[in-house]
Amino acid sequence: MSLLILPAARTRTRRQAHSLVEEPHFDATVVRRAVAAIDKQARRGPRMGLSVRSDLPGLKVADVRRALAGLPSPGDYRVVIKPMRYRTRPHLGGLCEFDMGRIILRVPEPFRPFSELVYFSARRKPGEGMRFAWISEKVRFRTRRDVLRFVYLHEWLHWYLREMKGRRAGAETACDRFALRNFRRRDVTVDDALEAIRGCRMRPVLEYLEIAA
């Protein structure tokens, strides 16, 4: 008896049907919103990649980062928190050390809520000579967070004028105006700084150094 072996049936590979995909439709409004969001993010400047050190007992680095969240970063400068000892009443204090590459924020210790006059503008008085009437606002600082944000923004604008704009950093009134307008806001951008220094006349750093020499 012979055994008939039939060849194996060939399996045919089915061709995948290529469906025609409709060209995506671009909504001009959506594109404009996306571009505006990118521009807004770019204007914020560097965010909170802060190098922080706290020399104030009871105030951790994580606490400082939370307090300064939403504020622009001072590049590679380090932020140092130090206690401020006072005799009669608390007050504000900070320093931007360009030669050391750091911003020092001083927090009154022991801390208690306090008020301070902030001079944010000036008006020239009529008559001869350069006489000005200073405009101020009394600000209440209720928490350490208020103090940290206000002093940080003040010193940050010193940094920005020197390191980013190449200008003299001694614009105290503009720095106070910038801090006063923004320290209670959740997010602060470079545009807010430009608004605060609008109309200010500041000499370039090189010219200032030549005069000082």
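This passage walks through the overall layout of a predicted model, then the packing of two of its helices, and finally its salt bridges and a few individual residues.

A good place to begin is the chain as a whole. The chain contains six helices and six strands. Read from the N terminus, these elements follow the order α-β-α-β-β-β-β-β-α-α-α-α. The chain has 213 residues, of which 34% count as buried. Contacts across long stretches of sequence are well represented: among contacts in the chain with a separation of 6 or more, 63% are between residues 24 or more positions apart.

Attention turns next to helix H3, residues 144-164, and helix H4, residues 172-182. Two packed helices are described by the angle between their axes and the distance between the axes. Here the axes come within 8 Å and cross at roughly 135 degrees. H3 and H4 are therefore oblique to each other, since roughly antiparallel would call for an angle over 145 degrees. The crossing of H3 past H4 is right-handed.

The contact between the two helices can be followed residue by residue. On the H3 side stand Phe150, Leu153, His154, Trp156, Leu157 and His158. Their counterparts in H4 are Glu172, Ala174, Cys175, Asp176, Phe178, Ala179, Leu180 and Asn182. Sorted by character, the residues of this H3 and H4 contact comprise nine nonpolar, three polar and two charged.

How much of H4 is covered? Eight of the 11 residues of H4 are buried, so this helix is mostly covered. The buried residues of H4 are Ala174, Cys175, Asp176, Arg177, Phe178, Ala179, Leu180 and Asn182. Arg181, also in helix H4, is partly exposed, with a relative accessible area of 44%. Beyond its neighbours up to four places away in sequence, Arg181 touches Glu195 and Ala196. The C-alpha atoms of Arg181 and Asp192 lie 8.8 Å apart, with their positions 11 residues apart in sequence.

Helix H3 offers a residue of its own to look at. Tyr160 is placed in helix H3, and its relative accessible area of 8% makes Tyr160 buried. When neighbours within four places in sequence are left aside, the contacts of Tyr160 are Lys165, Val190 and Leu194. Tyr160 and Val190 are 30 residues apart along the chain, while their C-alpha atoms are separated by 9.1 Å.

The charged side chains come next. Side chains of opposite charge can pair when their charged atoms come close. In this model the count of salt bridges comes to seven. One of them joins Asp55 and Lys82, with the closest N and O atoms 3.1 Å apart. This pair links distant parts of the chain: Asp55 sits in the loop between strand S1 (51-54) and helix H2 (61-67), Lys82 belongs to strand S2 (residues 78-84), and the two are 27 residues apart. Asp55 is partly exposed at 32% relative accessibility, and Lys82 is partly exposed at 21%.

Another salt bridge brings together the side chains of Arg144 and Glu109, at 3.4 Å from N to O. Because Arg144 lies in helix H3 and Glu109 in the loop between strand S4 (102-108) and strand S5 (114-124), this pair ties together parts that are 35 residues apart in sequence. Arg144 counts as partly exposed, at 34% relative accessibility.

A further salt bridge connects the side chains of Arg185 and Asp192, with an N to O distance of 3.1 Å. Are its two partners buried or exposed, or partly exposed? Arg185 is partly exposed, with a relative accessible area of 35%, whereas Asp192 is buried, with a relative accessible area of 16%. Some salt bridges also share partners, and in this way Arg53, Asp55 and Lys82 are joined into one network.

Asp192 brings the account back to the helices. Asp192 lies in helix H5, residues 190-196. Outside the residues up to four places away in sequence, Asp192 touches Phe178, Asn182, Arg185 and Asp187. Of these, Phe178 and Asn182 are among the buried residues of H4, and both also take part in the contact of H4 with H3.

Methods
Residues numbered from 1 in each chain as written. Predicted model: local features only at pLDDT ≥ 70, side-chain atom pairs only at ≥ 80, totals over all residues. Heavy atoms only, no water. Axes fitted to C-alpha atoms, helices over the stretch in contact; angles between N-to-C directions. Helix = DSSP H or I, 4+ residues; strand = E, 2+ residues; numbered from the N terminus. Parallel < 35°, antiparallel > 145°, perpendicular 65-115°, else oblique. Left-handed = near helix turned anticlockwise from the far one by under 90°. Contact = heavy atoms within 4.5 Å. Nonpolar A, V, L, I, M, F, W, Y, C, P; charged D, E, K, R; others polar. Salt bridge = Lys/Arg side-chain N within 4 Å of Asp/Glu carboxyl O. Buried < 20%, exposed > 50% of the residue type's maximum accessible area, 1.4 Å probe, protein only.
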